[in-house]
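Please look over the structure shown here. The report below goes through strand pairing, burial, one aromatic pair, backbone exceptions and confidence.

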Amino acid sequence: MSAPRCTLVLLPGMDGTGELFGPFLDALGSQFEVRVVRYPVEGPQTYAALTEVARAALPESGRYLLLGESFSGPIAITLAADHPPGLAGVILCASFVRDPRPMLTRGLALMQGLPLPSAILAPARWALLGRHAAPPLVALLRRALQQVGINALRARALALRRVDASDALARLRLPVLWMRATQDVLVPAVQTEHAKRLCAQMTLISIPAPHGLLQTRPDEAAREVRTFVCGMMPISSNE
């Protein structure tokens, strides 16, 4: 299936590096122009501040889609609710509207002075990759953790405790693809149910995968993205 030519803007998970998009980008091939947003590790790490970082990276012309992975779902939703010119749709992957695991987030927010990546590599590997923790994916995760640092992760966990994009999602009037990982230990199904109640135009796809859906099931995720894009922006006979 060939998708219409447009730009896919990728907003990363909590690491903010964009490194973990590698398997998904390989599966996408050259069918999309891709722009990967990377969050700074210095400065404010609030959702408001990171949303402005993402906003500055949006294309100035042409059609594009926002893909918010995990932590960045509320950012994608907030941007889309403003209906910026050229935005055709939103894709949310293993994501949420509000803090998905308050007790876990509270623990992350209390982290300080821990060496990275050794301190959290094992739990992160279990939570993100599950039984799909092949050596190349573990190496990718380690590289991402080495880049972000404990202070930025702690600050983003604090931001997670306060986020709620429910109102923004209710205002959204664009097509939405929600890819839920059915083996996700970080984002419970109730998050998807809450989002579905708020957004009638949502297409919900369930994929048997851990939280790291784009890393462990990249081919299936890429196929669903192409199907979504072709469905809302059909290729004309002149293209």
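In strand 4 (87-93), C93 is the residue that E69 stands opposite. Strand 3 (64-69) and strand 4 pair in the parallel sense over 6 bridges; pairing here requires that DSSP finds at least two bridges between two strands. Helices (H or I, at least four residues) and strands (E, at least two) are DSSP runs, numbered from the N terminus. From strand 3 the chain passes through helix 3 to strand 4, and this β-α-β crossover is right-handed. The term means that, with the strands pointing away from the viewer, the path from the first strand over the helix to the second runs clockwise.

The model is predicted: local features need pLDDT of at least 70 and side-chain atom pairs count only at pLDDT 80 or more, while totals for chains, interfaces and linings use all residues. Residues are numbered from 1 along each chain as its sequence is written, and side-chain values use heavy atoms, with hydrogens and water left out.

Strand 3 also pairs with strand 1, in the parallel sense and over 5 bridges. L8 has L65 as its bridge partner in strand 3, and L11 stands opposite G68 of that strand. Strand 1 (residues 7-11) in turn pairs with strand 2 (residues 33-36) in the parallel sense over 4 bridges. In strand 2, V34 is the bridge partner of L8. The connection from strand 1 to strand 2 runs through helix 1 (residues 22-28), and this β-α-β crossover is also right-handed.

Both strand 1 and strand 3 are covered by their surroundings. Buried means under 20% relative accessible area, exposed over 50%, and partly exposed in between (1.4 Å probe, protein chains only). In strand 1, 5 of the 5 residues are buried, so the strand is largely enclosed by the rest of the structure. T7, V9 and L11 point one way from strand 1, L8 and L10 point the other way, and all are buried. For strand 3 the count is 6 of 6 residues buried. Y64, L66 and G68 are on one side of strand 3, with L65, L67 and E69 on the other, and all of these are buried.

Helix 3 (73-81) contains A80, which is buried at 0% relative accessibility. Apart from its neighbours within four places in sequence, A80 is in contact (heavy atoms within 4.5 Å) with L66, L87, V90, L172 and L174. The C-alpha atoms of A80 and L65 are separated by 9.4 Å, and the two residues are 15 residues apart along the chain.

Rings of Phe, Tyr and Trp (its six-membered ring) pair if their centres lie within 6.5 Å; planes under 30 degrees apart count as stacked, over 60 as edge-to-face and the rest as tilted. By this rule there is 1 aromatic pair. The ring centres of Y47 and F71 are 4.7 Å apart and the planes are at 25°, so the pair is stacked. Y47 lies in helix 2 (residues 47-56) and F71 in the loop between strand 3 and helix 3, so the pair ties together parts that are 24 residues apart in sequence.

Two residues that are not glycine have a positive phi of about 50°, namely H83 and A94. H83 lies in the loop between helix 3 and strand 4, and A94 in the loop between strand 4 and helix 4 (102-109). The table lists relative accessibility for these two residues and for the aromatic pair.

| Residue | Relative accessible area | Class |
|---|---|---|
| Y47 | 9% | buried |
| F71 | 1% | buried |
| H83 | 36% | partly exposed |
| A94 | 3% | buried |

Taken as a whole, the protein has 11 helices and 6 strands. Of its 239 residues, 54% count as buried. Among contacts with a separation of 6 or more, 79% are between residues 24 or more positions apart.

The mean pLDDT (the predictor's confidence in each residue, from 0 to 100) of the protein is 88, and 88% of its residues reach 70 or more. Among the elements, helix 2 has the highest mean pLDDT (98) and helix 4 the lowest (62). Over residues 235-239 the pLDDT is below 50, and this stretch has 5 contacts in the model beyond near neighbours in sequence. Where pLDDT is low, the predicted coordinates should not be read in detail.
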